[in-house]
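This report looks at how charged side chains pair up and how nonpolar side chains gather in one protein model. Please keep the sequence and the structure in view while reading.

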Amino acid sequence: MENIVKKTLRDAATALDSFLKNKKAISAVSNAGKALVECFSNGGRAFSCGNGGSMCDAIHFAEELSGRYRLDRKALPASAISDSGHISCVGNDYGYSKIFSRYLEAHAKKGDVLLAISTSGTSRNVILAAEYAKKNDIKVIGLTGRNGSPLGEIADIEICTPAGEYADRVQELHIKVVHLLIELVERAMFPENYEQRQA
């Protein structure tokens, strides 16, 4: 059992090291942080979506922004598309592929941002949400795990974290990206919180 633990942790460390050396991905994270800061500064809202573990990441992203990440600061308008009533209604009446795009139709506006998460980059409902966003001047940050995916092609900013054969390594990097995006927003919009930490 200990050998399995060590190997899994080494695999995770290798994936993180590879991501750290990926200049394109690092630049994409930085650009995504800037897009979120611009959105919030202009009175916009952030939305996030994904399936399964990616929905959990989408929820985590939104609650850290609307709630609290490190220190107290103003709440930021962010929502994960995870309402069970909405999902079951739209899934039943229009099909599961429309659950995210329909929510954006109801709530999102020009100048908002969508964080669209899919480890494969091929989730149909996430892709439809990204397509709706692009048509309505909502910036799309695509968080994927495979190069050349349909979601990556649609996204204004793609953060791709290829990390091996299985989705779990990809998801481990995705949660790091989620935390990085929140930190970049906080550092830009609430610098006093980070100055206090350095003092």
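In this predicted model, the side chains of Glu186 and Arg73 come together in a salt bridge, with a nitrogen-to-oxygen distance of 2.9 Å. Glu186 belongs to helix 8 (residues 167–189), whereas Arg73 sits in the loop between helix 3 (53–66) and strand 2 (78–80), so the pair ties together parts that are 113 residues apart in sequence. Glu186 counts as buried, at 1% relative accessibility, and Arg73 is buried too, with a relative accessible area of 14%.

A search of the whole structure finds 11 salt bridges, and the pair just described is one of them. Another joins Glu105 and Arg102, whose side chains meet at 3.8 Å, N to O; these two residues are three places apart in helix 5 (residues 99–107), and about one helical turn separates them. Both partners of this bridge are partly exposed, Glu105 at 47% relative accessibility and Arg102 at 33%.

In a further salt bridge, between Asp112 and Lys109, the closest N and O atoms are 3.3 Å apart. Here Asp112 counts as buried, at 2% relative accessibility, while Lys109, with a relative accessible area of 45%, is partly exposed. Salt bridges also link Arg70, Glu183 and Arg187 in a network.

The single pairs can be set side by side.

| Pair | N to O distance |
|---|---|
| Glu186 and Arg73 | 2.9 Å |
| Glu105 and Arg102 | 3.8 Å |
| Asp112 and Lys109 | 3.3 Å |

The nonpolar residues are the next topic. In soluble globular proteins, nonpolar side chains tend to be buried together. The largest nonpolar core of this model has 37 residues, and those with the most contacts inside it are Leu36, Phe61, Leu65, Ile159 and Leu181. At least two residues of this core come from each of several elements, including helix 1 (2–20), helix 2 (23–41), helix 3, strand 3 (113–118), strand 4 (139–144), strand 5 (157–160) and helix 8. Helix 2 supplies the largest share, nine residues.

Which residues does Ile159 touch, not counting those up to four places away in sequence? With that exclusion, Ile159 touches Ala28, Val29, Ala32, Ile141, Gly142, Leu143, Thr144 and Val177. A second core, separate from the one above, has 23 residues, among them Leu104, Ala130, Ile154 and Ala155.

Methods: Residues numbered from 1 in each chain as written. Predicted model: local features only at pLDDT ≥ 70, side-chain atom pairs only at ≥ 80, totals over all residues. Heavy atoms only, no water. Salt bridge = Lys/Arg side-chain N within 4 Å of Asp/Glu carboxyl O. Helix = DSSP H or I, 4+ residues; strand = E, 2+ residues; numbered from the N terminus. Buried < 20%, exposed > 50% of the residue type's maximum accessible area, 1.4 Å probe, protein only. Core = buried A, V, L, I, M, F, W, Y, C linked by side-chain atoms within 4.5 Å. Contact = heavy atoms within 4.5 Å.
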